[in-house]
Amino acid sequence: MHTERTALACTGHHVLHIEDSSELSFGMNPMCRGLGKVGCGKEQGFFMHPVIALNAANGGCLGLGAVHFWKRKEYDPTDPMSDPAYRHRKLQYVPFCEKDRARWLQTAMESVNTCHLATQHTVVADREADIYEAMCGFVAAQVGFIIRQSDDRHLNHTKSGYKLCEELSTWSVQHRYSLSLPKTDKRSAHTAELEVKWGKMTLARPKSGVVKHLPAGLQISVVEVKETPQSVVNNETPVHWVLLTTHTIDSADQARQVIQWYCSRWTIEQVFRTLKSKGLDIENSEVETYERMANLATLALLTAVQVMQIVQARSGQTNQPMSDAFSQLEINLIRHLSPTLEGNTEKQKNPHPPDSLAFAAWVIARLGGWKGLASQKPPGPITMKIGLQKLQSLANYAPAILSP
Ligand SMILES: [Mn+2]
């Protein structure tokens, strides 16, 4: 697919595979054929589940690792499983690989395969991925994970009925620190005072019949992060995450590292934001069928990821080469364009080394309308998206532009 560049960019790195699902809604437009139901069932649309590869060492975005699309089944009288109520009753007998939620294991493993030249893999996901089958699948493939806990699971413990939250309540706070958090849908950007606990637990295999082939217990590390009331902004929900991970945690530094990797999930939220209303506006496009829509969504997703790569690399802190995000033709074009976008004073020149992604970010931002002054707000996703589209259209004329 479109992941060859990601494969190369991952070479020799510990890669975080950030995965999440998002709904694409096309409203009630009767022209949209073959889409499924989304939202509360009145709107048409489908779902996407991308995996984005990040460099664990510095958070630099290495590209799209994999993406999976699906839609909700239409009701079909000849197929009882298309009836949501019936399906729900029978779900415990359905093998994991046939469930929609198998995407949390399968799509992440696809991304791991894309990035086979990486030295280490850690899958990072929110509460929806708290699935025993998925965690066992990662362990069996020697792939690490950091997954936010959702269910109060039974533990493989001498006391029967003993559960995760009860065990957690017996642990004491081992570390306190403050962490600056970006703005999300749920809370404002602020510095949170955090209390941290960690330790080991052995999760028990769920009782359902279809998981009998899996190990009876899974030993993992658990980190609990809780915000103290003093740092909570207004009536917002305080941070409270319980993270399940394969990473060893014996010290505050290791616990903070796992928390920081979990926080890099923010990147995929940003990609979704760029993809939707504020950026590429995919939900207002006029393509009519599911297959075409999924193709269009893939292209838009690739652009949104590329925008993220450029935004994160703009000050040079991710230390990435330009080839992480651009083809050789685009690289030649960017180097050619840079001097034409520079001003006369030293402050208006591209300050980055000519083979770095930061060098490209400067050019793309200038093409997107950024003035190139350090006193200005740094260029964001929208500016970068406009600049990238200009570069893409210039690339059509690259032979003429680049010929001496
Ligand atoms: Mn999610």
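Here are some notes on this predicted model, point by point.

1. Domains first. The domain assignment splits out domain 1, covering 148–245, and domain 2, covering 314–402. Between the C-alpha centres of domain 1 and domain 2 there are 42 Å. Several of the points below concern helices 9 to 12, and a few others look at single residues elsewhere in the chain.

2. Helix 10 is the one I'd look at early on. This helix runs over 357–367, and 11 of its 11 residues are buried, so helix 10 is largely enclosed by the rest of the structure. The buried set includes Phe359 and Trp362, and also a charged residue by name, Arg366. As for what surrounds them, the buried residues of helix 10 pack against helix 8, helix 9 and helix 11. Just after the helix comes Gly369, with a positive phi near 105°.

3. Now the helix 8 side of that packing. The axes of helix 8 and helix 10 cross at roughly 105° and come within 8 Å. That crossing makes helix 8 roughly perpendicular to helix 10, because angles from 65 to 115 degrees fall in that class. On the helix 8 side the contact uses Gln309, Ile310 and Ala313; on the helix 10 side it uses Leu357, Ala358, Ala360, Ala361 and Ile364. Sorted by class, the contact of helix 8 with helix 10 has 7 nonpolar residues, 1 polar and no charged.

4. Helix 9 has its own crossing, this time with helix 11 (residues 381–395): the angle is about 105° and the axes are 10 Å apart. Helix 9 is therefore roughly perpendicular to helix 11. Leu329, Glu330 and Leu333 from helix 9 meet Leu391, Leu394 and Ala395 from helix 11. The residues of this contact divide into 5 nonpolar, no polar and 1 charged.

5. Which residues of helix 9 are buried? They are Leu333, Ile334 and Leu337. Those buried residues pack against helix 10, helix 11 and helix 12 (398–402). Leu333 turns up in both lists, as a buried residue of helix 9 and as part of the contact with helix 11. A reminder on helix geometry: an α-helix has 3.6 residues a turn, so residues three or four places apart point the same way.

6. A quick check on the length of helix 9. With 14 residues at 1.5 Å a residue, helix 9 should span 20 Å, and its end C-alpha atoms are 20 Å apart, which agrees.

7. Cys61 deserves a look if you care about cysteines. Cys61 sits in strand 5 (residues 61–70). Is Cys61 buried or exposed? With 32 other C-beta atoms within 10 Å, Cys61 is buried, because 20 or more is the cut-off. Leaving out residues up to four places away in sequence, Cys61 touches Ile52, Leu54, Thr267, Val305, Met308, Gln309 and Gln312. One of these, Gln309, is also in the contact of helix 8 with helix 10. Cys61 and Gln320 are 259 residues apart in sequence, yet their C-alpha atoms are 9.0 Å apart in space.

8. Two asparagines have positive phi. For Asn234 phi is near 45°, and this residue lies in the loop between strand 10 (217–227) and strand 11 (240–245). Asn234 is exposed, with 6 other C-beta atoms within 10 Å. For Asn319 phi is near 55°, and its loop joins helix 8 (290–313) and helix 9 (328–341). Asn319 is partly exposed, with 13 other C-beta atoms within 10 Å.

9. Leu214 is in the loop between strand 9 (190–204) and strand 10. Having 18 C-beta neighbours inside 10 Å, Leu214 counts as partly exposed. Its contacts, not counting residues up to four places away in sequence, are Tyr132, Glu133, Cys136 and Arg205. Leu214 and Lys197 are 17 residues apart in sequence but 29 Å apart in space, C-alpha to C-alpha.

10. Last, Pro95, in the loop between helix 2 (84–90) and helix 3 (103–114). Pro95 counts as exposed, with 10 C-beta neighbours inside 10 Å. Its C-alpha atom is separated by 8.3 Å from that of Val211, which is 116 residues apart from Pro95 along the chain.

Notes
Residues numbered from 1 in each chain as written. Predicted model: local features only at pLDDT ≥ 70, side-chain atom pairs only at ≥ 80, totals over all residues. Domains from an automatic or database assignment. Helix = DSSP H or I, 4+ residues; strand = E, 2+ residues; numbered from the N terminus. Buried ≥ 20, exposed ≤ 12 C-beta atoms within 10 Å, placed from the backbone. Axes fitted to C-alpha atoms, helices over the stretch in contact; angles between N-to-C directions. Parallel < 35°, antiparallel > 145°, perpendicular 65-115°, else oblique. Contact = placed C-beta atoms within 7 Å. Expected span 1.5 Å × (residues − 1).
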